[in-house]
There are 2 protein chains.
Amino acid sequence: MECGYYDFQVQPREVDLTKRATLIALGDHILHTAGEDADRNGFGIRTLHEHNIAWVLSRFAIEIDRQPDEYEKYRIQTWVAEVSRVMTTRNFILRDMNNREIGRASSQWAIIDMQSRQALDLRSNVQYTDVVVPLEFPMQRPARIGAVHGDRTGEHTVRYSDIDFNQHANSMKYVEWMTDLLPLEKMTSGHLARIDINYIHETRYGDVLTLAVEESDTVARFEVRRPDETVACRAMIQWK
Amino acid sequence: MECGYYDFQVQPREVDLTKRATLIALGDHILHTAGEDADRNGFGIRTLHEHNIAWVLSRFAIEIDRQPDEYEKYRIQTWVAEVSRVMTTRNFILRDMNNREIGRASSQWAIIDMQSRQALDLRSNVQYTDVVVPLEFPMQRPARIGAVHGDRTGEHTVRYSDIDFNQHANSMKYVEWMTDLLPLEKMTSGHLARIDINYIHETRYGDVLTLAVEESDTVARFEVRRPDETVACRAMIQWK
């Protein structure tokens, strides 16, 4: 029952033209931290796969106070905050080397049986509940995002570079497709405040997806639809 | 006058569905090594920018004996092999933790004046020539690739996620667009042998590019054309 601490340094390929870490790089680091910390606690991907079960990311939110600079070192603190029947919440605090908070994140995960695709009862395994750390955390949990109709739409075919070891599109790739739809100024303003993401259905290699975006000055809402019109993913980005 | 050694560990986001490091991840690591080592020798991007000059990658080749596995640690050795009037050659050897060679790479760079876009005479600065290490290196230098006509073509618009700090598409992004055109089996066969890349003209945010590919069983040749039909980049991938 303790927090894990993981150090990162922002690499040149992780910054955009403002020389600050992109939202996607930060999301990748945070999810990487989740994977490492689960592994350290004995319930990482590798262990789960031996039992034919797998982690599924359901909701994810990141709050950004400041995007770290190229080559800047920063630290992510992570802990399991809560375990309910089918969902566990893992939280994160991002701090710079002066120990100042630069962001935070919250994620909700299920474990599914890879054969039946059914969610497991997480409370039946003390391994998951024993690690809960009851820390105060002021961040609002990841929001549920309603249907997005979309002023502008795009299309994306799931490609080799999008997929991970299980042939599904990688979690942060959805955010890449979404943010590539926005005007460049929106992503490089330095005023990103928060993203909420709902992962609803998986997408696979070759799927031709429809992307929709609804934009106002300070909020953009996105929806990714699968070929059969079911929703794969929704997200909402807010600016300061 | 010595080699630099840089350690990497293959991260989950750097593997494909075969759980081996992708060609793009290896290329990113190799180019990162080039940047770090130049910096360590006092002629990194940061130093050059202060003098309003910049590195430009002209040709790049990677030979792969074995793509390292997820979480595998490996080491890249790098050195400046040669300095001619307008071009310097930097070589690389990739070794696993048993000190076995798993690949090698060679890259050719110019330094240009950012105002005039003219190449500098590299031999006029002892800083560049003093670091040359005359090591034997059995790899053939990056090939010059002739015009590609292309059986199949695609299109790509340069997006936010493609560009680096100077608003040009990132070097390895060209390879991502190219390899995304190939059948999945080609990229996941584990039999990648070599890639040669010629960088001819830059591409910028918003450019609508044409991609062409000519394929046989063991070779694929690619061309990326700019809106004005000039060639931005050519590459050739060979399989064992």
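In chain B of this predicted model, helix α1, residues 23-40, lies across six strands: β1, β2, β3, β4, β5 and β7. Relative to β3(B), the helix α1(B) runs at about 55 degrees.

Let me turn to the sheet itself. It is an open sheet of 10 strands in chain B, in the order β1-β3-β4-β5-β2-β7-β10-β9-β8-β6, and the pairing is antiparallel. At the edges stand β1 and β6 of chain B, each of which pairs on one side only. From one strand to the next, the twist averages 20 degrees. As general background, strands of a sheet pair through backbone hydrogen bonds, either parallel or antiparallel.

Some of these pairings can be followed residue by residue. Strand β1(B), residues 4-9, and strand β3(B), residues 73-83, are antiparallel and share 6 bridges. Within that pair, Phe8(B) has Tyr74(B) as its bridge partner. On to the next pair: β3(B) and β4(B), the latter covering residues 88-96, are joined antiparallel over 9 bridges. Here Trp79(B) is bridged to Asn91(B), and Val83(B) to Thr88(B). What do β3(B) and β4(B) form together? They form a hairpin, with 4 residues between the two strands.

I now move to chain A, which is divided into domain 1, residues 4-129, and domain 2, residues 152-239. The centres of these two domains, taken over C-alpha atoms, are separated by 19 Å. In the contact between them, 18 residues of domain 1 of chain A meet 16 residues of domain 2 of chain A. On the domain 1 side, α1 and β2 of chain A each supply at least two residues. Which element gives the largest share of that side? It is β2(A), with 8 residues. By character, the domain 1 side divides into 9 nonpolar, 4 polar and 5 charged residues.

The two domains also meet in the nonpolar core. The largest such core has 56 residues, and those with the most contacts inside it are Val175(A), Met178(A), Leu211(A), Phe222(A) and Ala235(A). Helix α1(A), residues 23-40, provides the largest share of this core, namely 8 residues. Why does the core lie between the two domains of chain A? Both domain 1 and domain 2 of chain A give residues to this core, so it lies between them.

Val175(A) illustrates the point in detail. Leaving aside neighbours within four places in sequence, Val175(A) is in contact with Leu23(A), Ile24(A), Gly27(A), Ile195(A), Ile197(A) and Ala235(A). Apart from this core lies another, of 55 residues, among them Ala21(B), Ile76(B), Leu181(B) and Ile237(B).

Val175(A) belongs to helix α4(A) and is buried there. This helix, residues 171-179, is mostly covered, with 8 of its 9 residues buried. The buried residues include Met172(A), Tyr174(A), Trp177(A) and Met178(A), but also Lys173(A) and Glu176(A).

Next, the contact between the chains. It takes 25 residues from chain A and 25 residues from chain B. On the chain A side, helices α1, α4 and α5 of chain A each supply at least two residues. The helix α1(A) gives the most to that side, with 4 residues. The chain A side divides into 10 nonpolar, 7 polar and 8 charged residues.

Finally, three individual loop residues. In general, most residues other than glycine have a negative phi. Glu229(A), however, has a positive phi, near 75 degrees. Its place is the loop between β9 and β10 of chain A. Is Glu229(A) exposed or buried? Glu229(A) counts as exposed because 7 C-beta neighbours lie inside 10 Å, and a residue is exposed if there are 12 or fewer.

In chain B, Lys19(B) also has a positive phi, of about 60 degrees, although it is not a glycine. Lys19(B) sits in the loop between β1 and α1 of chain B. With 15 other C-beta atoms within 10 Å, Lys19(B) is partly exposed.

The last residue is Gly146(B), found in the loop between α3 and β6 of chain B. Gly146(B) has 10 other C-beta atoms within 10 Å and is therefore exposed. How many residues apart along the chain are Gly146(B) and Ser58(B)? They are 88 residues apart, and their C-alpha atoms are separated by 15 Å.

Definitions and conventions
Residues numbered from 1 in each chain as written. Chains lettered and ligands numbered in written order. Predicted model: local features only at pLDDT ≥ 70, side-chain atom pairs only at ≥ 80, totals over all residues. Buried ≥ 20, exposed ≤ 12 C-beta atoms within 10 Å, placed from the backbone. Pairing = 2+ DSSP bridges. Core = buried A, V, L, I, M, F, W, Y, C linked by C-beta atoms within 7 Å. Domains from an automatic or database assignment. Contact = placed C-beta atoms within 7 Å. Nonpolar A, V, L, I, M, F, W, Y, C, P; charged D, E, K, R; others polar. Axes fitted to C-alpha atoms, helices over the stretch in contact; angles between N-to-C directions.
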